There are 2 protein chains.
Amino acid sequence: MSNIREIAERAGVSIATVSRYLNGSGYVSEKTKIKIQKEIEKAGYTPNALARAIFTKNSRTIALMIPNITNPFFNQMVTAIEDYANKIGYSLFLYNTGDSREKEKECLEVIKSYRVSGIIASRSQCKEEYSEINIPVVSFENHISSSIATVSSDNYNGGKMAFDHLYDRGCRNMLHIKGPRNFEATELRCKGFVDAANKKGIKVDIVEFETDFQVQILEEYLKRIENIKKYDGIFVFNDIAAAVVMKHLKGIGISIPHQVQLIGFDDSFIGELLYPSLTTIRQPIKEIGTLLIELLIKQINREKVEIKDYLLETKLIKRESTL
Amino acid sequence: MSNIREIAERAGVSIATVSRYLNGSGYVSEKTKIKIQKEIEKAGYTPNALARAIFTKNSRTIALMIPNITNPFFNQMVTAIEDYANKIGYSLFLYNTGDSREKEKECLEVIKSYRVSGIIASRSQCKEEYSEINIPVVSFENHISSSIATVSSDNYNGGKMAFDHLYDRGCRNMLHIKGPRNFEATELRCKGFVDAANKKGIKVDIVEFETDFQVQILEEYLKRIENIKKYDGIFVFNDIAAAVVMKHLKGIGISIPHQVQLIGFDDSFIGELLYPSLTTIRQPIKEIGTLLIELLIKQINREKVEIKDYLLETKLIKRESTL
């Protein structure tokens, strides 16, 4: 049975009074406070976040949905969000969606039943499923609806930067290895790259990979690219995939950056571990995580939040894989 | 106010009856069931996991504490646990402890207030703090108390395997780069390595690193190792640190495996991305995650669980960084 109820009974007050006391909201007389506190101490009662949640409608929990936590980009984002949540006394429910719409829908059902205070969706594959949810939501990268704010890096500009850097370093025969089509971010990276190339009157080749993270699958895709040696510059949609490309090129005897220059995207920790270290377009992972949770908490606290695209600046991180 | 209470009032039954109905536990007459169901439908009431938790004392939530989710080993472990939890309808609270005892204590306080069904502690730095917790707990790697089961890889044997492999491949002048002293696992890896060396009458050098994951700190430590070139075989306590060692060696012109052979520990995905790819001692990450949650769920369901050390086999994964 509910501990709050027991406490209320023993103290001879209503459940609502105990709830007001626990939450420090509304009037409770000093005398009653002492009575309740005594019963709480007698019962060895730990403040019950669950009970509090039912009374205040704020469980101080956030559901974080990400495609795959083994992707270094996402686990660095989770770390930033968890750090922030922790500091303000919120706990984090974690759900891997695997970029599957079905899985995301299932997660949403579970999340609703837990009455979380808010939801951070990343690279969501759902749209209308969010329309019936009366919980604050913010979205990373993919757009869900006109009532949900979206945070992302400036992927378009990042793609442009990648082209401009390779061009500046002398590349004229370039390939873009593009990520899956259902991710808005990879589309924008590609578009930025191609638009910048067009401006210079350069034609670039594009191949599309259907996975963003499974190493073996990435390797299979690479084997199918005809005559990869003919390119002098390759822009890859994320750092993990770039690491696989680097390994593939070295394996067929191509020297980086002297024969082929290589540039990734994300600036996840993996780029620094590679040899040569990876030039990349930095997404401000920590800032993204922090902004997502800040916007969410504001909504939970019923503060005004502008529903729009929040674009965070990308930046070229020059390392050894380009000249 | 509580939805359950509203439903109970409208249906003209007690809260306890609604609770019995929602949980399918205890007797509720067919007539009452229909009445409650009708009110639930009228109210558009989502089964409230929080309310259910208070009544049944099983919130179907698990708190997972890990040192740092950006460590590929731990994020692969989280994935295994999340997958399993998801399949059986449990949700996961995630807490990064950063291997800090203080942070872990704070997390425990929060966790208690959420009335989670069970706790998975990893590389716990706390002991007595767990004694007052009336929630099932299982531990990964570090021992907490005689009433808590511990799951880990057979780290001692893994250390032995690492030595035997380097010895077989001709190394006679070996270095072990050891992880932080407060981790039982790194102590055992070291002991296994040294014991195997003693058996062959070989003296090995040992240097201890105070971090297991911060890349920049690892690089600083490496610079301080005198004359690293004199070694023909190096065993590193985990794959990430081995990746940093590999980079360092290549940076000073040492060829791997021809001048120095290198072996890591974990078999996290990073080993395959390196060039040369990393020989390592595999911890069965998925099996570890699965066993942890299986043991926990059994305890939550009040099934008998033997409180002991569960040691999972390690295995040599031969790749290109050894001959």
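Let us start with helix α8 of chain B, which covers residues 184-199. In this predicted model, α8(B) lies across four strands of chain B, namely β6, β7, β8 and β9 (261-266), and runs at about 170° to β6(B). A second helix, α10 (residues 239-251) of chain B, packs on the sheet too. Its contacts are with β6, β8, β9 and β10 (279-282) of chain B, and its direction makes about 155° with that of β9(B).

What is the order of the strands in this sheet of chain B? Reading across, you meet β7-β6-β8-β9-β10-β12, six strands that form an open sheet with mixed pairing. The edges are held by β7 (205-208) and β12 (315-317) of chain B; each has a single partner strand, so one side of each is left without a neighbour in the sheet. Neighbouring strands here are turned by 20° against each other on average, direction ignored. For a look at one pairing, take β6 (residues 174-178) and β8 (residues 233-236) of chain B, which pair in the parallel sense over four bridges. B:I177 has B:V236 as its bridge partner in β8(B).

Now turn to another sheet, one built from both chains. It is an open sheet of 12 strands with mixed pairing, in the order β11(A)-β5(A)-β4(A)-β3(A)-β1(A)-β2(A)-β2(B)-β1(B)-β3(B)-β4(B)-β5(B)-β11(B). If you follow that order, you will find β2(A) next to β2(B). The edge strands are β11 (309-312) of chain A and β11 (309-312) of chain B, and each pairs on one side only. From one strand to the next, the twist averages 20°. Helix α6 (residues 101-113) of chain B packs on this sheet and touches strands from both chains: β2 of chain A, together with β1 (61-66), β2 (91-96) and β3 of chain B. The direction of α6(B) makes about 175° with that of β1(B). Within the chain B part, β3 (residues 118-122) and β4 (residues 137-140) run parallel and are joined by four bridges. One residue to look for is B:A121, whose bridge partner in β4(B) is B:S139.

In the chain A part, strand β1 (residues 61-66) deserves a slower look. Are its residues buried or exposed? Six of its six residues are buried, so the strand is mostly covered. In a regular strand the side chains alternate between the two faces of the sheet. You can follow two directions in β1(A): A:T61, A:A63 and A:M65 point one way, while A:I62, A:L64 and A:I66 point the other way. On one side, six bridges join β1(A) to β2 (residues 91-96) of chain A, and the two strands run parallel. Four bridges join β1(A) to β3 (residues 118-122) of chain A, also in parallel. A:A63 takes part in both pairings: it stands opposite A:F93 in β2(A), and its bridge partner in β3(A) is A:I119.

How does the chain get from β1(A) to β2(A)? Helix α5 (residues 72-87) of chain A belongs with these two strands in a right-handed β-α-β unit. This helix has 16 residues and reaches 23 Å from its first C-alpha to its last, close to the 22 Å expected at 1.5 Å a residue. Its buried residues include A:F73, A:F74, A:M77 and A:V78. After α5(A) comes A:G89, with a positive phi near 75°.Chain B also has a helix α5 (residues 72-87), and B:N86 has its place there. Why does B:N86 count as partly exposed? The reason is that B:N86 has 17 C-beta neighbours inside 10 Å, while a buried residue needs 20 or more and an exposed one has 12 or fewer. The C-alpha atoms of B:N86 and B:L218 are separated by 36 Å.

Helix α7 (residues 155-168) of chain B makes a useful companion. Because 10 of its 14 residues are buried, α7(B) is largely enclosed by the rest of the structure; among them are B:Y156, B:M161 and B:F163. Its end C-alpha atoms are 20 Å apart, which agrees with the expected 20 Å. B:G170, whose phi is positive, near 100°, follows α7(B).

Finally, step back to chain A as a whole. It holds 12 helices and 12 strands, and 51% of its 323 residues count as buried. Its C-alpha trace spans about 85 × 35 × 30 Å along the principal axes. The radius of gyration of chain A is 25 Å, whereas a compact globule of 323 residues would have one near 20 Å.

Note on methods:
Residues are numbered from 1 along each chain as its sequence is written. Chains are lettered from A and ligands numbered from 1 in the order in which they are written. This is a predicted model: local features need pLDDT of at least 70, side-chain atom pairs count only at pLDDT 80 or more; totals for chains, interfaces and linings use all residues. Two strands pair if DSSP finds at least two bridges between them. A crossover is right-handed if, with the strands pointing away from the viewer, the path from the first strand over the helix to the second runs clockwise. The radius of gyration is taken over C-alpha atoms; the globule rule is 2.2 Å times the number of residues to the power 0.38. The expected span of a helix is 1.5 Å times one less than its number of residues. Axes are lines fitted to C-alpha atoms, for helices over the stretch in contact, and angles run from 0 to 180 degrees between N-to-C directions. Two residues are in contact if their C-beta atoms, placed from the backbone, lie within 7 Å.
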